[in-house]
Amino acid sequence: MKASQFFISTLKEAPAEAELVSHRLMLRAGLIRRVASGLYTWMPMGLRVLRKVEAVVREEMNRAGSIELLMPVVQPAELWQESGRWSFYGKELLRIRDRHERDFCMGPTCEEVITDVVRNEVRSYKQLPLNFYHIQTKFRDEVRPRFGVMRAREFVMKDAYSFHTDVASLQQTYQVMYDAYCRIFTRLGLDFRPVAADTGSIGGTGSHEFQVLADSGEDVIAYSDGSDYAANVELAPTVRLTGERSAATQALTKVATPKVRSIDDLVAFLSVPVTQTLKSLVVEGEDDDVVLLLLRGDHQLNEIKAEKLAGVKAPLTMASAAAIAKAFNQAHGGSLGPVGFEGKVYADFATEQGADWVIGANEDDYHYTGFNFGRDAAEPEFVDLRSVVEGDPSPCGTGHLHLVRGIEVGHVFQLGKKYSQALNATVLDQNGKNVVLEMGCYGIGITRVIAAAIEQNNDERGIVWSDAMAPFNVVIVPMNYKKSATVKAAADELYAQLMAAGIDVLLDDRDERSGVLLHDSELIGIPHRIVIGDRGLKEGMVEYQNRTATEAMPLPLNAVVAEITAALK
């Protein structure tokens, strides 16, 4: 491609609202342009990147035995009502009506549609397993679209769905797709980790997220330094302590703590270590009661773990001030504890072997010191309540946990029968009986992959693409292309040779200053650059520079094609 026949629209500065590096660089490099909140036009340069990512994904899906189809963006309400998600999905589901006043939605995902396809097309176990995928536009009406295409309302996604007669077949395909995802992200040149994850609103029995490691990531990942264990911090379990509980050495003593409302206040007022304090959180129970949750003062409640506890209302809801006052003798938050409380109490594993705790006295402006389980209040049920922290023992039994930030770019689920049961998707088994299908679901955010790659790979000059994702693999920058016949002839000849070798090359023949051409090639992030000038040509030389290198190196003009071909392999 010649730049004069293409469209390059770089910017010196990104708009002020661009917060993340990826958002700023995608705007400055001319990959995207904002149309409205969370809506973007993919410009020619950006679309080339998008198509490169789609090609890798499509190749690996086909290799994994998935069959491509294409489902609609607009989906009928009836299918979502059958699954129960029409109301459950919430305001992120953009609902629309056609001219006949029939309800539809802009599809954020396609479980209902693909299940409808299979229940109408597949009759026998002999046709299974089946694995379908498509690459399609999705829409989720985010309450606060931000970070460019990282959290946009409209985005491109590859979603795949598999169907099986039994769990063993589902698990086999799940592993095939897991392996395919690892190949995809490896080919794209990403530093990633597959992590065990919560199934969230999709549902199902098991899942893994694929996280691109980046400091700007919204997710926190816990991984072991002694094994390949990794999990989203929301799901990573803590290890129950072993050994005996410490013996009590203090009497239960009520102390005045005026205006103390937080753990930080308590630690400062009493001059005690935070690890000696217990904090009390009160949540709604399933039967219009409240449940007391106890954690060590320096630990944070894991809401996903908490809402799975017996008797706790899901989704997790903090109790109202009125409900707390009723259950705790008119005491308010900041002074609560288990002494005298008659409801259900859960305490985190980390509190099980401690003694002489400092805790709320269920009286405003008072706390207890010297509190001990079993002596001063009934033994609670000890459970895993908190999020893991740096240095915790790994739940796999080997090594310790470290925390890093990541950007979720893919997710695989074992859905089980959640949607097939609701939509009555069945086949006849080998005994002639109807069986409900087992399902798997496998998604990759194509547009999000691009932003995540930039977050992970950039420098002060701009984007640093891998060869697999770059809009062009090579850029030829001729000095004085319009004025030097020698440079023009050499550039045109090299361009033709690279094109003939099947290499994706851009000849930047724009009538711009050399500084502009060099700056744009670095901003856009093209991996390999060849600079051609009159001085070098007199000796048969050009300058070659890899995008990750700090300096260019001389290269014989007649060796460029071989050098680039070898580099791309």
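Here are some worked exercises on a predicted model of a single chain.

**Exercise 1. Get your bearings**

Task: How many helices and strands does the chain have, and what does the C-alpha trace span along its principal axes?

Solution. Start with the count: the secondary structure comes to 15 helices and 30 strands. Next, the extent: the C-alpha trace spans about 95 × 70 × 50 Å along its principal axes. Then look at burial, where 51% of the 569 residues count as buried. On the outside, the chain exposes about 25,700 Å², and carbon and sulfur atoms supply 49% of that. Finally, take the contacts with a separation of 6 or more: 69% of them come from residues 24 or more positions apart.

**Exercise 2. Classify two ring pairs**

Task: What kind of aromatic pair do Trp80 and Tyr89 make, and what kind do Tyr181 and Phe185 make?

Solution. A search of the whole structure turns up eleven aromatic pairs. For Trp80 and Tyr89, the ring centres are 5.5 Å apart and the planes sit at 85 degrees, so this pair is edge-to-face; the cut-off for that label is an angle over 60 degrees. Now check burial, for which the limit is under 20% relative accessible area. Trp80, at 0%, counts as buried. Tyr89 has a relative accessible area of 13%, so Tyr89 is buried too.

On to Tyr181 and Phe185: their centres are 6.1 Å apart with 90 degrees between the planes, which again is edge-to-face. Both residues belong to helix H6 (residues 167–187), and because they are four residues apart there, about one helical turn separates them. Tyr181 and Phe185 are both buried. Now widen the view: ring pairs link Tyr178, Tyr181, Phe185, Phe192 and Phe210 into a cluster.

**Exercise 3. Find charges over rings**

Task: Which ring has Arg95 over its face, and which has Lys344?

Solution. Take the arginine: Arg95 lies over the face of Trp86, 4.9 Å from the ring centre. Then the lysine: Lys344 lies over the face of Tyr346, also at 4.9 Å from the ring centre. Keep Lys344 in mind, as strand S16, with residues 344–348, comes up in the next exercise.

**Exercise 4. Read two open sheets**

Task: What is the strand order in the sheet that holds S14, and which strands are at its edges?

Solution. The order is S14-S15-S16-S19, an open sheet of four strands with mixed pairing. Its edge strands are S14 (278–284) and S19 (381–383), each of which pairs on one side only. From one strand to the next, the twist averages 30 degrees. Zoom in on S15 (residues 290–296) and S16 (residues 344–348): they run parallel and are joined by four bridges. One spot to click on is Leu292, whose bridge partner in S16 is Val345.

Task: Now do likewise for the sheet with S13: what is its order, and how is it paired?

Solution. This is an open sheet of three strands, ordered S13-S18-S17, and the pairing is antiparallel. S13 (253–256) and S17 (357–360) have a single partner strand each, so one side of each is left without a neighbour in the sheet. Here the twist averages 30 degrees from one strand to the next. S13 and S18 (residues 366–371) run antiparallel, joined by four bridges. For a concrete pair, look at Ala256, whose bridge partner in S18 is Tyr366.

**Exercise 5. Cover a helix**

Task: Which residues of helix H13 are buried, and what covers them?

Solution. H13 runs over residues 514–524, and its buried residues are Leu517, Asp520, Ser521, Glu522, Leu523 and Ile524. The cover includes two helices, H1 (21–28) and H2 (44–63), together with strands S25 (462–463), S26 (474–478) and S28 (528–532). Step past the end of H13 and you meet Gly525, with a positive phi of about 95 degrees.

**Exercise 6. Map one residue's surroundings**

Task: Is Tyr133 buried or exposed, and what is Tyr133 in contact with beyond its neighbours in sequence?

Solution. First locate Tyr133: it lies in strand S7 (residues 130–139). With a relative accessible area of 0%, Tyr133 is buried. Leaving aside neighbours within four places in sequence, Tyr133 is in contact with Arg58, Met61, Asn62, Ser66, Ile67, Glu68, Leu69, Lys158, Asp159 and Ala160. Pick Ser66 from that list: Tyr133 and Ser66 are 67 residues apart along the chain, yet their C-alpha atoms are separated by 6.3 Å.

Notes: Residues are numbered from 1 along each chain as its sequence is written. This is a predicted model: local features need pLDDT of at least 70, side-chain atom pairs count only at pLDDT 80 or more; totals for chains, interfaces and linings use all residues. Side-chain values use heavy atoms; hydrogens and water are left out. Rings of Phe, Tyr and Trp (its six-membered ring) pair if their centres lie within 6.5 Å; planes under 30 degrees apart count as stacked, over 60 as edge-to-face and the rest as tilted. Buried means under 20% relative accessible area, exposed over 50%, partly exposed in between (1.4 Å probe, protein chains only). A charge sits over a ring if NZ of Lys or CZ of Arg is within 6 Å of the ring centre and within 35 degrees of the ring normal. Two strands pair if DSSP finds at least two bridges between them. Axes are lines fitted to C-alpha atoms, for helices over the stretch in contact, and angles run from 0 to 180 degrees between N-to-C directions. Contact means heavy atoms within 4.5 Å. Accessible areas come from the Shrake-Rupley method with a 1.4 Å probe; for residues, only the protein chains shown count as cover.
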